[in-house]
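Me: I have a model open and I'd like to learn how to read it. Could you walk me through it feature by feature?

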Amino acid sequence: MKINLKSPWTISIGTAIFSFGLTILSDLAKSKPILSTLESIFSWIINLLTKFLNYEIKVWWILLSIVIVIIVIVLFLFAASKSESTKPDFIDYTQDYIHGYTWSWDWRLDNYKKVWVMDNIKVHCSKCNTPMIEHSTYF
């Protein structure tokens with residue numbers, strides 16, 4: 001089995017094992033019980049979490065936070081709706097006379113690709129302006 005020493009996994013696990021070994025050596029050098037340094041680190045983390053979770057919070061801080069979150073959401077929704085309502089100028093271009101025939105189409109926003117595409121393209125009769133529809137039956 002080949003071990004890749006440049007792999008992020010090897011580096012991170014190796015660093016953790018090396019740090020654990022240094023902790024044991026430090027405890028042995030100071031004539032402390034083994035793993036007492038890890039025990040003090042864990043107790044410090046637990047004390048920090050306990051202080052954080054027991055912090056007194058004023059009610060007006062919570063209300064102010066809720067109001068700020070609501071304002072941010074409303075502003076975001078307003079900006080999103082305003083950007084969607086602005087359509088490009090070419091949306092009004094839905095009909096043209098090409099090679100002796102009148103062509104018409106609609107525009108549709110493809111949300112997946114974020115582009116405008118032509119939809120419902122029709123060619124009209126040059127005499128009566130009736131849309132020409134191809135009826136093909138395949139069995």
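Me: Let's start with a turn. How many residues lie between β1 and β2 in their hairpin, and which residue in the turn has a positive phi?

Reply: First, some ground rules: this is a predicted model, where local features need pLDDT of at least 70 and side-chain atom pairs count only at pLDDT 80 or more, while totals for chains, interfaces and linings use all residues. Residues are numbered from 1 along each chain as its sequence is written, and side-chain values use heavy atoms, with hydrogens and water left out. Now your turn: two residues separate β1 from β2 in the hairpin, and histidine 99 has the positive phi, about 50°.

Me: What counts as a strand or a helix, and how many of each does the chain have?

Reply: Both are DSSP runs numbered from the N terminus: helices are H or I over at least four residues, strands are E over at least two. Here you get three helices and four strands, and along the sequence they read α-α-α-β-β-β-β.

Me: How do I read the sheet, and in what order do the strands sit?

Reply: The general idea is that strands of a sheet pair through backbone hydrogen bonds, either parallel or antiparallel. The working cut-off is that DSSP finds at least two bridges between two strands. In this model four strands make an open sheet, ordered β1-β2-β3-β4, with antiparallel pairing. β1 and β4 are at the edges with a single partner strand each, so one side of each has no neighbour in the sheet.

Me: How many bridges hold β2 to β3?

Reply: Eight bridges, between antiparallel strands, with β3 covering residues 115–124. You can check the register by eye: aspartate 106 has aspartate 119 of β3 as its bridge partner, and leucine 109 stands opposite tryptophan 116 in β3. Their hairpin has four residues between the strands, and lysine 114 takes a positive phi near 60°.

Me: And what about β1 with β2, and β3 with β4?

Reply: β1 and β2 are antiparallel and share four bridges; for instance, glutamine 95 has serine 104 in β2 as its bridge partner. β3 and β4 (residues 131–132) are also antiparallel, over two bridges. There, valine 123 stands opposite methionine 132 in β4. That hairpin has six residues between its strands, and asparagine 129 takes a positive phi near 60°.

Me: Let's move on to rings. When do two of them pair, and how many aromatic pairs are there?

Reply: Take the rings of Phe, Tyr and Trp (its six-membered ring): they pair if their centres lie within 6.5 Å, and planes under 30 degrees apart are stacked, over 60 edge-to-face, the rest tilted. The structure holds four such aromatic pairs. One of them is tyrosine 55 with tryptophan 61, stacked at 6.4 Å centre to centre with 15° between the planes. Ring pairs link Tyr55, Trp60 and Trp61 into a cluster.

Me: Are tyrosine 55 and tryptophan 61 buried or exposed?

Reply: Buried means under 20% relative accessible area, exposed over 50%, and partly exposed in between (1.4 Å probe, protein chains only). Tyrosine 55 is exposed at 54%, whereas tryptophan 61 is partly exposed at 32%.

Me: What sits over the ring of tryptophan 61?

Reply: The charged end of lysine 58, 5.7 Å from the ring centre. The test is that NZ of Lys or CZ of Arg is within 6 Å of the ring centre and within 35 degrees of the ring normal.

Me: Why is the pair of phenylalanine 90 and tryptophan 107 called edge-to-face?

Reply: Their planes are at 70°, with the ring centres 4.9 Å apart, so the pair is edge-to-face. Phenylalanine 90 lies in the loop between α3 (59–85) and β1 (95–98) and tryptophan 107 in β2 (residues 101–110), so the pair ties together parts 17 residues apart in sequence. Phenylalanine 90 is partly exposed at 35%, and so is tryptophan 107 at 22%.

Me: Last one, the whole chain. How does the radius of gyration compare with the globule rule?

Reply: The radius is taken over C-alpha atoms, and the rule is 2.2 Å times the number of residues to the power 0.38. The chain has 35 Å, well over the 14 Å that the rule gives for 139 residues, so it is more spread out than a compact globule. Its C-alpha trace spans about 105 × 60 × 35 Å along the principal axes, and 8% of the 139 residues count as buried.
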